[in-house]
Amino acid sequence: MSRNEPRSHAHPHPGSRRALVTVLAITVATLGAEIVGAVVSGSLALLADAGHVLTDVAGLVMALTAAGLATRPATDRLTWGYRRVEVLAAATQAVLLLAVGVYILIEAGRRFVDPAPVESTPMLVFGFAGLAGNVAAIAVLLRHRATDLNLRAAFLDVVGDALGSVAVIVAAVLLITTGWLRADALASATIGLLIVPRTWQVLREAVHVLLEATPRGVDLAAVRSHLLDVPHVRAVHDLHASTVATGLPVLTAHVVVDDDCFHDGHLVEMLDDVQRCLAGHFDVAHSTFQFEPASHRDHEHAAHV
């Protein structure tokens, strides 16, 4: 079996941890302000946004933990280290957010049918306070959101929070100007509808990785075709590609070559050829190739052919 050394194990960007710590501090401060505002004003919209922010705090703590674990070295027992923790944390965060979103939608429906009195002025003040915190967090994450799945999830969270704060502010203005109590329930439902779709997107991405599905942007049919174009390659089977964590796609394949390649020393050149082919056309950080003579087909398990 022959394999190439990975070009990179895609460890988290050095700025990722600092960004997460900063955003966590801002988010905790925003959470405190919105809880106080919800108690003072009686606003469901502020309480809904506070619940969303509380889930963000939990998600950011998990993301920070994942970022720390991801820097730990690989071992013989954990050959990829703790890189997959990033994906598990993002999936857990998404599940929690979905639960919060569903609760908010149910409670908003109840409040729409039976509206409760709301103090609109404190609602407006704390809505602006929440928006200020969200904008500060967005500014911190803007440069880092493509670094890994957790930072992307955190960025989506604070953007959703900002939109939720805008909904709170609009509802407060409507309450002040028209006295329409159902504006609070409508803003709450808006926040719930903001939470669910974007959370579903993060959860779908995390499940895609956990199922070891083919990385997005890697066409296995095209990979097979390119490998078959390499001289002396007769067939390709057991072709698999998956993602260990963000920025770390891996690929393995059994490559059937002419029997003569095992006798004339041509395999070293073959290894260079298939690696060059893969690196030149596909962005795969780590690949493993098993070369087999054509006569080996008779010894392959039926499921591997």
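A nonpolar core is a set of buried Ala, Val, Leu, Ile, Met, Phe, Trp, Tyr and Cys residues joined through side-chain atoms within 4.5 Å. The exercises below apply this and related ideas to a predicted model.

**Exercise 1. The nonpolar cores**

Task: Find how many residues the largest nonpolar core has, and work out which helix gives the most to this core.

Solution: Begin with the set itself, which has 41 residues, and in which L20, M123, L141 and I191 are those with the most contacts inside the core. Next, trace where the members come from: helix 1 (14-41), helix 2 (44-70), helix 3 (85-113), helix 4 (120-141), helix 5 (149-178) and helix 6 (182-210) each supply at least two residues. Helix 5 gives the most, with eleven residues. Finally, look beyond this set, where a second, separate core of 22 residues includes M270, C277, L278 and F291.

**Exercise 2. A ring pair and a charge**

Task: Decide how the rings of F112 and W180 are arranged, and state which parts the pair ties together.

Solution: First, take the geometry: the ring centres of F112 and W180 are 6.5 Å apart and the planes stand at 90 degrees, and because planes over 60 degrees apart count as edge-to-face, the pair belongs to that class. The count of aromatic pairs comes to one. Second, place the partners: F112 belongs to helix 3, whereas W180 is in the loop between helix 5 and helix 6, so the contact ties together parts that are 68 residues apart in sequence. Third, check the surroundings, where F112 is partly exposed at 36% relative accessibility, and W180 is also partly exposed, at 37%. The face of F112 has R182 over it, at 5.7 Å from the ring centre.

**Exercise 3. Positive phi outside glycine**

Task: For H232 and D238, establish where each residue lies and whether it counts as buried or partly exposed.

Solution: H232 has a phi near 80 degrees, a positive value in a residue other than glycine, and its place is the loop between helix 7 (220-228) and strand 2 (233-245). With 37% relative accessibility, H232 counts as partly exposed. D238, likewise not a glycine, has a positive phi of about 50 degrees, but this residue is found in strand 2. Because buried means under 20% relative accessible area, the 17% of D238 makes this residue buried.

**Exercise 4. An enclosed strand**

Task: Explain why strand 4 is described as largely enclosed, and identify the strand with which it pairs in the parallel sense.

Solution: Strand 4 covers residues 286-293, and six of its eight residues are buried, so the rest of the structure largely encloses this strand. Its parallel pairing is with strand 3 (residues 248-257), over eight bridges. As one example of a bridge, L251 has S287 of strand 4 as its partner.

Terms used
Residues numbered from 1 in each chain as written. Predicted model: local features only at pLDDT ≥ 70, side-chain atom pairs only at ≥ 80, totals over all residues. Heavy atoms only, no water. Buried < 20%, exposed > 50% of the residue type's maximum accessible area, 1.4 Å probe, protein only. Helix = DSSP H or I, 4+ residues; strand = E, 2+ residues; numbered from the N terminus. Pairing = 2+ DSSP bridges. Phe/Tyr/Trp six-rings, centres within 6.5 Å; stacked < 30°, edge-to-face > 60°. Lys NZ or Arg CZ within 6 Å of the ring centre and 35° of its normal.
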